[in-house]
Amino acid sequence: MACEQVQAQAPHVVFLAFPTQGHIIPAIQFSNTLASEGFIVTFMCAEQRIAKIRKSQGAELNPSIRLIGLPDNVPLGELRIDEGADSFLLSLRIADNMAPAFEQTVNGLIKDSKESHVPPPLCIISDFFVSWSQDIANKFQIPRYVFYTSPASHLTLVLYLPRLLEQGIVPVAPDARGIVIPGRPPLDGSEMPWDWQQSSPKEVNEFSFRNQLRLHESSGILINTFYELEGEAIDALRTEAINPNKVPIYPLGPILPSWFLKGEPINDEAFPDQTGNECMQWLDAQAPSSVLYVSFGSVAIPTIRQIQEIARGLDASQQAFLWILRLPPSATEATDLPEGFLSRTHSRGLIISTWAPQLLILSHPSTGGFMSHCGWNSILESICSGVPILALPQFAEQFLNSRLVAEQLRVGLKLQRGTDDVAESDEIEIAVRELIQGEEGRAMKKRARALKEEAARVVAEGGSSHTTLNAFVQAATTTHA
Ligand code: UDP
C-alpha cells in the first residue's frame, strides 16, 4: 500500500535547462527561489552555457545551487551565442546531445547520495524542450516536472497538439483559417506557433512535436505566468478537452528577481559592466517616460530590410530611443543603415550592439515604451515595469504572444506588416509616437502599471503564485513509497 513520506533532509532537485538565454534566465531565477525555500538544486545545462552563467551570474546564485556543465559534443567556438535562427538550430542539437551525460550524472547523484550529505534527487525539473529527460526520470523512478517558459495561452495549444495532428491541421498550411482550439477564439494559420508551420525547417517541426507530445506524461507543468494575467487560459489548461491526463498545472510566475518586482531602487553594483553604465548614464539624461527601448531578445535578428524600416521610422518619429541592434552577419552598421541616420539621431538615440541589462533599462524611469519581438520573458519584464509594448514578433510563439499583448491584455500595439512581411517606416513612426505620447499609449501604460502592481502581489505571501509555489513544494517533497 502506498504511504506518504516527507523527507527529513534538505530536499534535492535536479534542474535541466534548454541551452538558450530565454530558457536559462527564468530557470536560474526559479532555482534561486527553490534554494530559498530550502532545496538543494543541481542545475545542469550545456557546458558552454554553464561557463557563461558562472562568469556572469555566479555572485547572484544561492549557495545551495550546484552548477554542472554537460558535454554536448559541439566544438568550442561553434556555439555562437546570440546569432539568430542558426544558433537556435544549433541549440536543438545541443539539447539532444546532452542526454547521455545527463543520465550518467543523475545516476551518479543517486549512487553518491549514500556517502554524501546530499540526498538523492526527489524529482527532475526539466525544460519542455528536453523531453528525453522523461525517459531518464522513468528509469530512475522519480517524477519529472516540466518547466514551461512560454505563456499558458501557448500551452493550451501545445497540450491540444495530439488532436491537431490527428485532424491534419498541423503542420499548418500557409492559408489555414479559423483553427478551433477549445476555450479560445479561432486562430488563423499565421498565428499558430512558428515551429508548427509547414514553411518552417522540418528539423524544427520534428523537434517540437517530439518534445511537446510528451508533456502529457509529466507529473506537473510549472508555468512562468500568473492567474491574474492569464486566468482564462489557465482554467482551459485544467479542462478534460485540453488536458485529458489531468497533469497538474502550476502557474507560479512572474519568475523574476524580487528587487525588480518590488521596484526597489537600482543598486550601482547591479551593472558593473561598461554597457550597463553607458545605458544608465544615457537614460539618466533623458526625460521621464520619453525613451523607446528596442530589442528583439537573444535569438531573433530581423532582416536587414526590417532593420532599415525601423531606422527610418525612428528617425521620422523624433522620439528618443535605445536600440539593441544586432545586425545579420552579412551587414554592417555603416553601410546598411539608411544614409545619415546615425548623425541625424545622434543626440536622441543610443545604439548598443552587445548584451544589454534589459531589466535595468525597463525599470529606468526614462523608458516609456518597448519595441519587442514578444519573447515571453520580455513581455513579462515589460509588464512588470509598467512599460507598454510595440509588438513586432519574429518567430517561435511570438505571433501568438503579440495577440495576447495587443488584444487581450491591451498593454501594447501590434505593428502591421506590409509587403515582404515587413513593418514599414510610416507605420512604425505613427505607432512609436502613439505609444510614447498618445492617448492610447497612456491608457496602455495605465493598464501595464496595474498589472505590475498585481504581479508584485501574486508572488507575495497569500498571492496566487505564492500559494501555487507552496503547493508545488508540498507535491515535490512528498514522496510515495
Ligand atoms: N536579454 C537581456 N539583454 C539583451 C537581450 C536579452 O538581458 O541584450 C534578456 C531579456 O531580459 C530576457 C531574455 O534575455 O530575460 C530574452 O528572453 P525572451 O523570452 O524575451 O526572448 P528570446 O531571447 O528567448 O527570444
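Glu 427 turns out to be partly exposed, because 17 other C-beta atoms lie within 10 Å, and a residue needs 20 or more to be called buried. The model is a predicted one, so it makes sense to read this as a description of the model. Glu 427 sits in helix H18, which runs over residues 425–437. Leaving out residues up to four places away in sequence, Glu 427 touches Leu 415 and Gln 416. Tyr 293 is another matter: 134 residues away along the chain from Glu 427, with 17 Å between the two C-alpha atoms.

Helix H18 also holds Ile 430. Here the count is 16 C-beta neighbours inside 10 Å, so Ile 430 is partly exposed as well. The C-alpha atom of Ile 430 is separated by 9.7 Å from that of Leu 314, although their positions lie 116 residues apart along the chain.

Moving on to the sheets, there is an open one built from seven strands, with parallel pairing and the order E4-E3-E2-E5-E6-E7-E8. Its edges are strand E4 (65–70) and strand E8 (249–251), each of which pairs on one side only. On average, and ignoring direction, neighbouring strands in this sheet are turned by 20° against each other.

The E6, E7 and E8 part of this sheet can be followed residue by residue. Strand E6, residues 144–148, pairs with E7 in the parallel sense over four bridges; Tyr 145 has Gly 220 in E7 as its bridge partner. Strand E7 itself covers residues 220–223 and joins E8 through three bridges, again in the parallel sense. Across that pairing, Leu 222 stands opposite Tyr 250 in E8, and Ile 223 stands opposite Pro 251 in E8. As a rule, side chains in a regular strand alternate between the two faces of the sheet.

A further open sheet has six strands, ordered E11-E10-E9-E12-E13-E14 and paired in parallel fashion. Strand E11 (349–352) and strand E14 (412–414) are the edge strands, with pairing on one side only. From one strand to the next, the twist averages 15°. At the E11 end, strand E10 (residues 320–324) pairs with E11 in the parallel sense over four bridges, and Ile 324 stands opposite Ile 352 in E11.

Then there is the nonpolar interior. The largest nonpolar core takes in 129 residues, and those with the most contacts inside it are Val 13, Phe 15, Leu 222, Leu 237, Leu 322 and Leu 390. Leu 222 is thus a member of this core as well as the residue facing Tyr 250 in E8. Val 13 gives a feel for the packing: neighbours within four places in sequence aside, it is in contact with Leu 34, Phe 39, Val 41, Pro 121, Leu 122, Cys 123, Ile 125 and Ala 476. Nonpolar side chains tend to be buried together in soluble globular proteins.

Finally, the ligand. It is surrounded by 18 residues, the closest being Gly 22, Gly 297, Gln 358, Gly 375 and Ser 378. The elements giving two or more residues to this shell are helix H1 (21–36) and helix H16 (376–383). H16 gives the most, with four residues. Sorted by class, the shell has 10 polar residues, seven nonpolar ones and one charged one.

Methods
Residues are numbered from 1 along each chain as its sequence is written. This is a predicted model: local features need pLDDT of at least 70, side-chain atom pairs count only at pLDDT 80 or more; totals for chains, interfaces and linings use all residues. A residue is near a molecule or strand if its C-beta atom, placed from the backbone, lies within 6 Å of it. Ala, Val, Leu, Ile, Met, Phe, Trp, Tyr, Cys and Pro count as nonpolar, Asp, Glu, Lys and Arg as charged, and the others, Gly among them, as polar. Two strands pair if DSSP finds at least two bridges between them. Axes are lines fitted to C-alpha atoms, for helices over the stretch in contact, and angles run from 0 to 180 degrees between N-to-C directions. A nonpolar core is a set of buried Ala, Val, Leu, Ile, Met, Phe, Trp, Tyr and Cys residues joined through C-beta atoms within 7 Å. A residue is buried if 20 or more other C-beta atoms lie within 10 Å of its own, exposed if 12 or fewer, and partly exposed in between; C-beta atoms are placed from the backbone. Two residues are in contact if their C-beta atoms, placed from the backbone, lie within 7 Å.
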